[in-house]
Amino acid sequence: MPPMTPWAKVRFDAEKPGYGVRGVAGGNDPILQCDPIGFPRVLFMPTPFEFVHAPGRVIQFFEREHEYRSIWTDGRSLPKDADPTWYGYAIGHWEGDDTLVVESTGFRDSTWLGPTGYPHSEDMLVTERYHRVDHDTILHDITISDPKAYTKPIVGTQKIMKLKPGEEIDELVCVWAEENAFAKRIREPATPKPAK
């Protein structure tokens, strides 16, 4: 991760993951309260998603939270001041027959970029390239530009996405009662206690 701005550092220091190296019991990770995971974090979960082509848009349908994201491909521009949403406002265009280029903005700043609490602002711009190299393989590149939060863009490691024939998207919704029971039974007892 590139260096954070003072604004982002204050936000990062206030974030308390429920697990991992920075984990604390009763952490404030939004997903621990069944808030939507948001974008782009949903991409990094070990759950499948699919692309659905419709007139004027491509829809990403995620197993995690059973959420979807519309990527408008009808030639419109990004709005100048999009209302913030969990998954942002996305537009895309094709480069040739095999690469979908997507730009997204208008994200709620209450989501995290990952499980350790890295923040972003509502001004974040996400640029992605989905390049289909063969029938079963897509290469995904992502760049996050957020000058309010980071001193330079975040350039993600290229991800290889493989088609899984026969894979079906299951219903995977966050149920607060189940999340809370898991926290009490597993997550909180496993969280390291502060040294005295």
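This report walks through the aromatic contacts, the main pocket and the salt bridges of the structure above. Please keep in mind that the model is predicted.

**Aromatic contacts**

Let's start with the rings. The model holds 6 aromatic pairs. One of them joins Phe-39 and Phe-107, whose ring centres are 6.3 Å apart with 10° between the planes, and this pair is stacked. Phe-39 belongs to the loop between helix H1 (6-14) and strand E1 (49-54), while Phe-107 belongs to the loop between strand E5 (99-105) and strand E6 (125-134), so the pair ties together parts that are 68 residues apart in sequence. Phe-39 and Phe-107 are both buried.

There is also an aromatic cluster, made up of Phe-49, Phe-51, Phe-62, Tyr-87 and Tyr-130. Two of its members, Phe-49 and Phe-51, will come up again with the pocket.

Rings and charges meet as well. Arg-22 is placed over the face of Phe-12, 3.9 Å from the ring centre. In a similar way, Arg-108 puts its charged end over the ring of Trp-86, at 3.8 Å from the centre of that ring.

**The largest pocket**

Now for the pocket that you may want to find on the screen. The largest pocket has a volume of about 800 Å³. It is lined by 30 residues, and those closest to its centre are Phe-49, Phe-51, Ile-138, Lys-162 and Leu-163. Which strands each supply at least two residues of the lining? They are E1, E6, strand E7 (137-145) and strand E9 (159-162). Sorted by class, the lining has 15 nonpolar residues, 10 charged residues and 5 polar residues.

**Salt bridges**

Side chains of opposite charge can pair when their charged atoms come close. In this model the count is 7 salt bridges. Three of them are set out here, with the distance between nitrogen and oxygen.

| Acidic residue | Basic residue | N to O distance |
|---|---|---|
| Asp-13 | Lys-9 | 2.9 Å |
| Glu-128 | Arg-69 | 2.8 Å |
| Glu-95 | Arg-129 | 2.8 Å |

Take the pair of Asp-13 and Lys-9. Both residues lie in helix H1, 4 residues apart, which is about one turn of the helix. Asp-13 is partly exposed, at 38% relative accessibility, and Lys-9 is partly exposed too, with a relative accessible area of 40%.

The next bridge joins Arg-69 to Glu-128. Arg-69 is found in strand E3 (residues 67-72) and Glu-128 in strand E6, so this pair ties together parts that are 59 residues apart in sequence. Are these two residues buried or exposed? Arg-69 has 1% relative accessibility and therefore counts as buried. Glu-128 is likewise buried, with a relative accessible area of 0%.

Finally, Glu-95 and Arg-129 form a salt bridge. This pair links distant parts of the chain, with Glu-95 in strand E4 (residues 89-95) and Arg-129 in strand E6, 34 residues apart. Glu-95 is partly exposed, at a relative accessible area of 35%, and Arg-129 is partly exposed at 33%.

**Drawing it together**

Strand E6 is a handy landmark for viewing the model. Glu-128 of strand E6 pairs with Arg-69 of strand E3, Arg-129 of strand E6 pairs with Glu-95 of strand E4, and E6 also supplies at least two residues of the lining of the largest pocket.

Definitions and conventions: Residues are numbered from 1 along each chain as its sequence is written. This is a predicted model: local features need pLDDT of at least 70, side-chain atom pairs count only at pLDDT 80 or more; totals for chains, interfaces and linings use all residues. Side-chain values use heavy atoms; hydrogens and water are left out. Rings of Phe, Tyr and Trp (its six-membered ring) pair if their centres lie within 6.5 Å; planes under 30 degrees apart count as stacked, over 60 as edge-to-face and the rest as tilted. Buried means under 20% relative accessible area, exposed over 50%, partly exposed in between (1.4 Å probe, protein chains only). A charge sits over a ring if NZ of Lys or CZ of Arg is within 6 Å of the ring centre and within 35 degrees of the ring normal. On a 1 Å grid over the protein atoms alone, a cavity is a set of points where a 1.4 Å probe fits but cannot get out, and a pocket is an open set with protein on both sides within 12 Å along at least five of seven lines; lining residues have an atom within 4 Å of a point. Grid points are joined across faces, edges and corners, and a volume is the space filled by probe spheres set on the points. Ala, Val, Leu, Ile, Met, Phe, Trp, Tyr, Cys and Pro count as nonpolar, Asp, Glu, Lys and Arg as charged, and the others, Gly among them, as polar. A salt bridge is a side-chain nitrogen of Lys or Arg within 4 Å of a carboxyl oxygen of Asp or Glu.
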